[in-house]
Structure formats: structure tokens, C-alpha cells
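Grab a pencil and work through these exercises one at a time. Try each task yourself before you read the worked solution under it.

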Amino acid sequence: MDTVQPERVFPSPLLGGIYRARRPTGPVVGLVVVVACLLVGQSVVALVLFPLLGVSPEVLMGASMGLVDQLALMLSFLGATGLLALWIWGKERRPFGTVGFFPASRVGIHLVLGAVVAVVLLSVPVVVNILSGQFDAGALRTAQVGAALVALVGFIAQASTEEILTRGYLMQVTYRKWGLTAAIAFQAVVFTVLHGVNMNVSLIGLVNILLIALVLAFWALAEGGLWGVCAFHVVWNWCQGNVYGIEVSGMDIQTTMLDISGTPGSANLLTGGGFGIEGSLLTTAVLALATALAAIAFRRRLTTMRAR
């Protein structure tokens, strides 16, 4: 007599995507795939876009970026997403959407929530630095508002790619073999190490990058998908660079609505120095609180699921 197998229950629907794969990948190979997608996929697209748009490779070494430079660099991340999509379709034999873009009736709400939370969390350390005299805020550059909005397209490509690779793919393949705790920790460490090669990186900056990875991991798990965290990451980066005019993880962006910079004698521990506001202790405090709240939201989801 055939027995009915119970339906597998996941701590989050996000983690169930890998179980749609007919030939799933393990965490070690998954890490290799992520790194290869970034190195190969991004390089291939950059080799096309840079000469096509007349962009100098010096932007890869921390040179100041105009709008065209920024778009070329950010859009090159699409190569990484494309390579991962080929791997998921060709090797794992599952739909690309299972990486975390599941159909949902509340996608718009998730996107808006992600954007709003990013603006609020980022603005706290910026405003505190302005009020305390650590930052000097220039006048609104009305002539650059349109160009800054165009730059948002580039950050959509860059930030969403990073979310797909880490909070989506890497967390899924790690969970399947090593469990939930390892999945959260592994993606956070990888995300932090990948940012460790950025210009002017500091220890505080790396701690904050780690906290961002944890915030977004718990958020994605609580939501059950990547919509909200993609919106958060996009707006977080865009507001730093193209709105406030602050370095984005060491990247010097010139197309900005405002020009906020450290005042003479300002403390790098508060302003973040050349790494940007992500290197500030004020940001550490904000992100530590956000991590706790995101973890609580995920824990409540688990409690609700177990009570059913």
C-alpha cells in the first residue's frame, strides 16, 4: 500500500526554491558559481560596454565616475545575473524565478517598503552628522536631478544582482546541505569578503557590510522572497551616491543631487571617511538595531508557521 509523503515545510518559502532543481548544486560548488559569475559575467559585459561608451578601465581602480562611467560599471553586473540564469536553467533544470522572485500579490508593497526603509535607515547617520557639524551639506544641484534619476537604472542592475547571488542563490544551496544557520552565516561572510576589495575599506566598514548582509538575509527569509531586499539595496546605494553625494563602499560618484562631505577636522569614525557612510559607527548602531528587528520578524514567521 502506497503511503502519502508529507509536504516539506521550509522555514521560509525562499529556501524552497532549490528543491525545484532536478540537479541541485551544493554550497561549495555554489560559491564557485557565484564567484565565477561575478568575475566572468561582469568582465564579459564590461569588455563590451566600456569601449562602446568610451569608459576608462580606471573606474575599476577607484577613479571618479561620471554618469556614463557609473552606468557602464553598474550594468556590467547583468553579465553575472545572466551567467547564473544559464547555470540555473541548464545545470539545475529549474526556473530562474525560483531563486527568490515568486509570484506575489503584494510585490508593490514589498518594493515600496524596501525603498522607504532604506531611505530612513541611511538618513539617520547622515542627518546626525550634519546636525553635529561633521558633514557639510551643499545646495540642491537641480541640473543633475534628471541624470541622477537615470543612474538609478544602473543600481537596479548592480544591487539586484548581488541580492540574487547571495540572499537568493547562495543561501538556498547552502540551506539544502548545511541548514538554516549556516546558510545565513555563509552568505553574510561571502558578501562581506566580496566587498573587502573595495577602495578605502575599513574594519568598521566591513562590520557594517556584514550587518547589512544579516539584515537582508532575515528580511528575505521573513518576506519569503527577494523583492523587498532588492528594493532596499538599490535605494540604499543610490541614495548614498546619487542623492547625498557620499562615497558608496568607496566608489566616488560625481552625478549627485546634493554634495555632502566631511567638514575640516571631522571624525572618520562618524563620517566613514573615504569609504562613505557605510564606514561610520553611527551606521553600525542603526544596522545593529535593524538586524535585531529583522531577526525578530523572521522568528515571528517561524512561530506562526509552527502554530498552524
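**Exercise 1. Find which helix holds T161, decide whether T161 is buried or exposed, and list its contacts.**

Solution. Start with the address: T161 sits in helix α5. One note before going on: this is a predicted model. Next, check the cover. The cut-off for buried is under 20% relative accessible area, and T161 has 1%, so T161 counts as buried. Finally, look for partners, skipping neighbours within four places in sequence: T161 is in contact with F77, L78, A80 and T81.

**Exercise 2. Check whether the span of helix α3 agrees with its residue count, then work out what covers its buried residues.**

Solution. Step one is the ruler. Helix α3 runs over residues 78–92, and its 15 residues should span 21 Å at 1.5 Å a residue. The end C-alpha atoms are 20 Å apart, which agrees.

Step two is the burial list: G79, A80, T81, L84, A85, I88 and E92 of α3 are buried. Their cover includes α1 (27–53), α2 (67–75) and α5 (145–178).

Step three is what comes after the helix. R93 follows α3, and its phi is positive, near 60°.

**Exercise 3. Name the residues of the nonpolar surface patch of about 700 Å², and say which element gives the most to it.**

Solution. First collect the members: V35, L39, V40, V44, L83, L86, W89 and L194. Now sort them by element. Those giving two or more residues are α1 and α3, and α1 gives the most, with four residues. For a closer look, pick W89, which lies in helix α3. Its relative accessibility is 48%, so W89 counts as partly exposed.

**Exercise 4. Describe the surroundings of V126 and N129 in helix α4.**

Solution. Both residues have α4 as their home: V126 lies in this helix, and so does N129, with α4 covering residues 107–131. Take accessibility next. V126, at 1%, counts as buried, and N129, at 0%, counts as buried too.

Then come the contacts, with close sequence neighbours left aside. V126 is in contact with F135, Y244, I246, I260 and I277. N129 touches Q134, F135, L270, T271, I277, S280 and L282.

Now turn to one of V126's partners, Y244. Among the residues that Y244 touches are L122, S123, V126 and C239, along with L258, D259 and I260. Y244 also belongs to the largest nonpolar core, which has 82 residues; F50, L84, Y169, M171, L226, W236 and Y244 touch the most other members. The largest share of this core, eleven residues, comes from helix α7 (residues 203–223).

**Exercise 5. Find how many residues of helix α8 are buried, and compare its reach with the expected one.**

Solution. Count first: 16 of the 17 residues in α8 are buried, which leaves the helix mostly covered. For the reach, go from the first C-alpha to the last. Helix α8 (residues 227–243) extends 22 Å, close to the 24 Å expected at 1.5 Å a residue. After α8 comes G245, with a positive phi near 75°.

**Exercise 6. Go through the three salt bridges and say where their residues sit.**

Solution. The structure holds three of them, so take them in turn.

- R94 and E92: the closest N and O atoms are 2.7 Å apart. R94 counts as buried at 2% relative accessibility, and E92 is buried at 0%.
- D259 and R141: their side chains meet at 3.4 Å, N to O. D259 lies in the loop between α8 and β2 (260–262), and R141 in the loop between β1 (135–137) and α5, so the pair ties together parts that are 118 residues apart in sequence. D259 is partly exposed at 36%, and R141 is partly exposed at 29%.
- E163 and R167: the closest N and O atoms are 2.6 Å apart. Both lie in helix α5, four residues apart, about one turn of the helix. Both E163 and R167 are buried.

Why can two residues at such a spacing face each other's way? An α-helix has 3.6 residues a turn, so residues three or four places apart point the same way.

Definitions and conventions. Residues numbered from 1 in each chain as written. Predicted model: local features only at pLDDT ≥ 70, side-chain atom pairs only at ≥ 80, totals over all residues. Heavy atoms only, no water. Buried < 20%, exposed > 50% of the residue type's maximum accessible area, 1.4 Å probe, protein only. Contact = heavy atoms within 4.5 Å. Core = buried A, V, L, I, M, F, W, Y, C linked by side-chain atoms within 4.5 Å. Expected span 1.5 Å × (residues − 1). Patch = residues over 30% accessible without salt bridge, like charges linked within 9 Å, V, L, I, M, F, W, Y side chains within 5 Å. Areas by Shrake-Rupley, 256 points an atom, 1.4 Å probe, with all protein chains shown as cover. Salt bridge = Lys/Arg side-chain N within 4 Å of Asp/Glu carboxyl O.
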